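Trainee: I am new to this structure and would like some help in reading it. Could we go through it together?

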Amino acid sequence: MSTSASCCKRIKRILLKISGESFCPPDSRGVSMDSVNHLAAQIVEVAKLGIEVAVVMGGGNILRGAQFKASNGAGSIQEATAHYMGMLATVINGLALQDAIEAQGQVTRLMTAIQMDAVAEPYIRRRARRHLEKGRVVILAGGTGSPFVTTDTAAAQRALELECDLILKATKVDGVYSADPNKDPNAVFYPELTFEEALRQNLRVMDSEAFAKCAEHDMPIMVFNFRDEKNLVRVVNGEHVGTLIRKERSDC
């Protein structure tokens with residue numbers, strides 16, 4: 001049985017969710033242009049196939065809002081403020097990714113939920129859809145523009161708004177396992193799951209709010225290893241890559 005998301009439906013538009021760690025080597029912080037160029041090359045290759053690509057990224061390589069939770073004394077940063085700082089970190093990543101993609105000949109648009117006209121367009125759903133239709137890679141920064149909302153939830157929200165066919169969640173492992181494969185050698189790999197199965201086993205594919213949105217609206221999620229530079233193209237070409245989560249198992 002194929003786990004391809006395209007075995008029954010051709011993929012036309014995807015939402016790629018990438019973490020901040022994609023922007024730097026393992027166990028590092030900041031922005032490494034080698035890492036960004038590696039990521040950009042994969043996105044450009046997919047765009048050249050005629051796939052419409054929207055990207056939502058994290059900012060944890062620069063700053064995580066959660067890192068300020070423990071400090072609640074006098075003069076500490078409020079948690080809401082820390083979340084806004086994290087949103088701004090995603091804009092920094094977005095600018096780096098935009099330049100890397102355009103250096104490879106692919107037109108982009110950087111859009112942000114927090115208005116900053118000097119560096120990006122404001123996110124407007126209809127405008128974003130039009131950019132995608134014109135073949136531009138749309139980079140979506142700033143989360144949803146609200147604190148206490150993860151970039152996973154922003155990815156689910158944007159994928160639904162833009163009527164994407166699939167969310168591609170890029171990770172550093174091959175897909176979804178029963179436990180952390182880096183810690184448990186007996187962890188079981190799941191090539192395909194239903195939303196119900198993932199919830200029942202508490203597999204934490206995405207944060208609970210994001211996952212609930214996808215389950216409610218039957219938005220498929222493909223979890224795959226972005227370190228393999230060919231995986232993104234394999235997914236959109238319908239190959240068996242990573243773990244596919246959707247309402248029902250494939251019967252193609």
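**Reading the fold from one strand outward**

Mentor: Gladly! Keep in mind that this is a predicted model. Let us begin with I221: leaving out residues up to four places away in sequence, I221 touches L166, I167, F195, V205, M206, F211, C214, T243, L244 and I245.

Trainee: Where does I221 lie?

Mentor: I221 is part of strand β10.

Trainee: Is I221 buried or exposed?

Mentor: A residue counts as buried when its relative accessible area is under 20%. For I221 the value is 0%, so I221 is buried.

Trainee: How far apart are I221 and L168, in sequence and in space?

Mentor: They are 53 residues apart in sequence, while their C-alpha atoms are 5.9 Å apart in space. You can look at the whole chain in a similar way: among contacts between residues at least 6 apart in sequence, 74% join residues at least 24 apart.

Trainee: F211 and C214 were both on the list for I221. Which residues of helix α6 are buried?

Mentor: Helix α6 covers residues 208–217, and its buried residues are A210, F211 and C214. Viewed down the axis of α6, they fall within an arc of 95°, so they line one face of the helix.

Trainee: Why can residues that are not next to each other in sequence point the same way?

Mentor: An α-helix has 3.6 residues a turn, so residues three or four places apart point the same way. On the other side of α6, S208 and E216 are exposed.

Trainee: What covers the buried residues of α6?

Mentor: The cover includes helices α4 (151–161) and α5 (195–200), together with strands β6 (166–171), β10 (221–225) and β11 (243–246). Strand β10 is the one that holds I221.

Trainee: What about a charged residue, such as R129?

Mentor: R129 is in helix α3, residues 125–133. Its relative accessible area is 19%, and the cut-off for buried is under 20%, so R129 is buried. Neighbours within four places in sequence aside, R129 is in contact with R13, E161, L162 and E163.

Trainee: And how many helices and strands does the protein chain have?

Mentor: There are 7 helices and 11 strands. The radius of gyration is 18 Å, close to the 18 Å that the globule rule gives for 252 residues, so the chain is as compact as a globular protein of that length. Along its principal axes the C-alpha trace spans about 55 × 40 × 35 Å, and 51% of the 252 residues count as buried.

Note on methods
Residues numbered from 1 in each chain as written. Predicted model: local features only at pLDDT ≥ 70, side-chain atom pairs only at ≥ 80, totals over all residues. Heavy atoms only, no water. Helix = DSSP H or I, 4+ residues; strand = E, 2+ residues; numbered from the N terminus. Rg over C-alpha atoms; globule rule 2.2 N^0.38 Å. Buried < 20%, exposed > 50% of the residue type's maximum accessible area, 1.4 Å probe, protein only. Contact = heavy atoms within 4.5 Å. Arc of directions from axis to C-beta.
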